Amino acid sequence: MLAEVLAGCACACALLGWLLVRERRESTRARRLRQEERAGRIRAERELLAAATATAAAAATTGEEELRFAPIGTLRSVYRQRNGTPRQGLMVPSGVAVLTLHPSIGPESLMGLEEFSHCWIVFVFHANTNSHKKSVKLKVHPPRLQGKSVGVFATRSPHRPCNIGMSVAKIDRVEKNTLFLSGIDLIDGTPVLDVKPYIALSDHVDTTAPWWMNEEIPQREVELTDGARDALSHVVSQLREEHHAGTSLVAAKAGQTPAEAAGAVETLVRDVLRFDVRSVHTQRDAPDAEHCVDLDAFHVVFRVQGHTVTVCGVTLAERSCKAAYDEENSLC
């Protein structure tokens with residue numbers, strides 16, 4: 001009986017040993033396969049990177065456009081045309097915009113962004129009139145240099161060899177897959193490539209700049225005639241009564257009274273027009289003429305006399321400035 005028990009134990013031990021050896025062999029084989037797979041993946045990634053680098057280098061040499069990026073969303077902004085869009089967004093804090101992500105990008109991508117006050121917006125200068133050209137001017141004439149030229153990379157000009165821009169904006173709130181921004185300097189319909197949080201610890205640095213960049217930008221007093229203010233109140237009420245408030249980013253906030261909505265639009269008009277939105281050519285050739293600009297859902301007509309801008313009319317933006325005015329060559 002004892003012999004049988006011992007024999008059974010020996011068989012069990014032998015079986016257990018065999019199972020352990022097999023498991024060890026399978027574990028070793030699986031580990032080797034994982035290592036080989038990882039090595040193959042790294043090798044393939046390196047080959048792809050080398051090919052992409054070679055392609056980019058060839059594109060840089062030949063000037064051919066090879067890289068492609070899909071926008072994460074399209075911006076809806078109070079600035080409907082280039083004319084009137086501020087050169088730097090934070091100069092006009094009342095300029096607002098809304099970015100809704102593409103349906104393929106889930107709202108979880110914005111999780112945590114609401115804890116930051118500002119963000120970087122990486123975008124495309126899609127409204128450049130020279131985008132179809134194979135080359136751009138490498139020297140530009142900043143308005144504050146009064147005719148003198150500098151290299152394009154020493155400026156914030158939108159007309160660049162690669163028409164990608166980056167701008168800081170204030171984060172007002174985040175709702176699901178939508179980002180509400182203010183202090184923006186981008187026009188309606190701008191394709192957005194990326195959003196990154198602004199981090200003062202790393203993004204804020206002590207800087208130096210040429211004298212012409214350190215000069216304070218002149219500001220003007222903005223006045224509304226009684227007729228313009230009445231017209232503004234009327235068109236805001238009309239917009240809300242006809243249930244078209246959704247066409248406005250400024251006059252369509254929840255719980256906003258008509259008076260508050262009209263006041264918000266007036267603030268936007270004042271903030272924008274206190275900086276001269278006229279082109280250099282217009283300032284020189286027709287300084288005393290009537291000018292116009294579309295802001296949000298509204299068409300604003302104004303005159304500039306000395307240091308004062310007088311708003312003399314406000315209508316709905318359907319009666320917009322001529323398309324040619326966006327080319328900065330004509331008047332209302």
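Residues 24 or more positions apart account for 70% of the contacts in the protein with a separation of 6 or more, a contact being defined by heavy atoms within 4.5 Å. The model is a predicted one, in which local features need pLDDT of at least 70 and side-chain atom pairs count only at pLDDT 80 or more, whereas totals for chains, interfaces and linings use all residues. Numbering runs from 1 along each chain as its sequence is written, and side-chain values rest on heavy atoms, with hydrogens and water left out. The protein contains 6 helices and 12 strands, taken as DSSP runs numbered from the N terminus (H or I, at least four residues, for helices; E, at least two, for strands). Of its 332 residues, 35% count as buried, where buried means under 20% relative accessible area, exposed over 50% and partly exposed in between, with a 1.4 Å probe and protein chains only.

Helix H5 comprises 16 residues (258–273), for which a rise of 1.5 Å a residue predicts a span of 22 Å, in agreement with the 23 Å that separates its end C-alpha atoms; the expected span is 1.5 Å times one less than the number of residues. Buried positions in H5 include Ala-261, Ala-262, Val-265, Leu-268 and Val-269, and also the acidic residues Glu-266 and Asp-271. The buried residues of this helix pack against strand E9 (221–224), helix H4 (226–241) and the strands E10 (291–295), E11 (298–305) and E12 (308–316).

Leu-273 of H5 is also among the residues that line the largest cavity, together with Arg-220, Phe-275, Asp-276, Val-277, Arg-278, Phe-302, Val-304 and Val-309. This cavity has a volume of about 30 Å³, and the structure holds 1 cavity of 30 Å³ or more. On a 1 Å grid over the protein atoms alone, a cavity is a set of points where a 1.4 Å probe fits but cannot get out, and lining residues have an atom within 4 Å of a point; grid points are joined across faces, edges and corners, and the volume is the space filled by probe spheres set on them. The lining divides into 6 nonpolar, no polar and 3 charged residues, with Ala, Val, Leu, Ile, Met, Phe, Trp, Tyr, Cys and Pro counted as nonpolar, Asp, Glu, Lys and Arg as charged, and the others, Gly among them, as polar.

The count of aromatic pairs comes to 2, under a rule by which rings of Phe, Tyr and Trp (its six-membered ring) pair if their centres lie within 6.5 Å, and planes under 30 degrees apart count as stacked, over 60 as edge-to-face and the rest as tilted. Trp-120 and Tyr-198 form a tilted pair, at 5.7 Å centre to centre and with 45 degrees between the planes. Trp-120 lies in strand E3 (residues 118–124) and Tyr-198 in the loop between strand E8 (191–197) and helix H2 (200–203), so the pair ties together parts that are 78 residues apart in sequence. Tyr-198 is partly exposed, at 25% relative accessibility. Phe-123 and Phe-125 form an edge-to-face pair, at 4.9 Å centre to centre and 75 degrees between the planes, and both residues are buried.

Phe-123 is also touched by Thr-190, a residue of the loop between strand E7 (178–182) and E8 that is buried, with a relative accessible area of 2%.

Positive phi values occur at Lys-176, about 55 degrees, and at Asp-296, near 55 degrees. Lys-176, in the loop between strand E6 (164–175) and E7, is exposed at 71%, whereas Asp-296, in the loop between E10 and E11, is buried at 0% relative accessibility.

Key:
On a 1 Å grid over the protein atoms alone, a cavity is a set of points where a 1.4 Å probe fits but cannot get out, and a pocket is an open set with protein on both sides within 12 Å along at least five of seven lines; lining residues have an atom within 4 Å of a point. Lists of a residue's contacts leave out its neighbours within four places in sequence.
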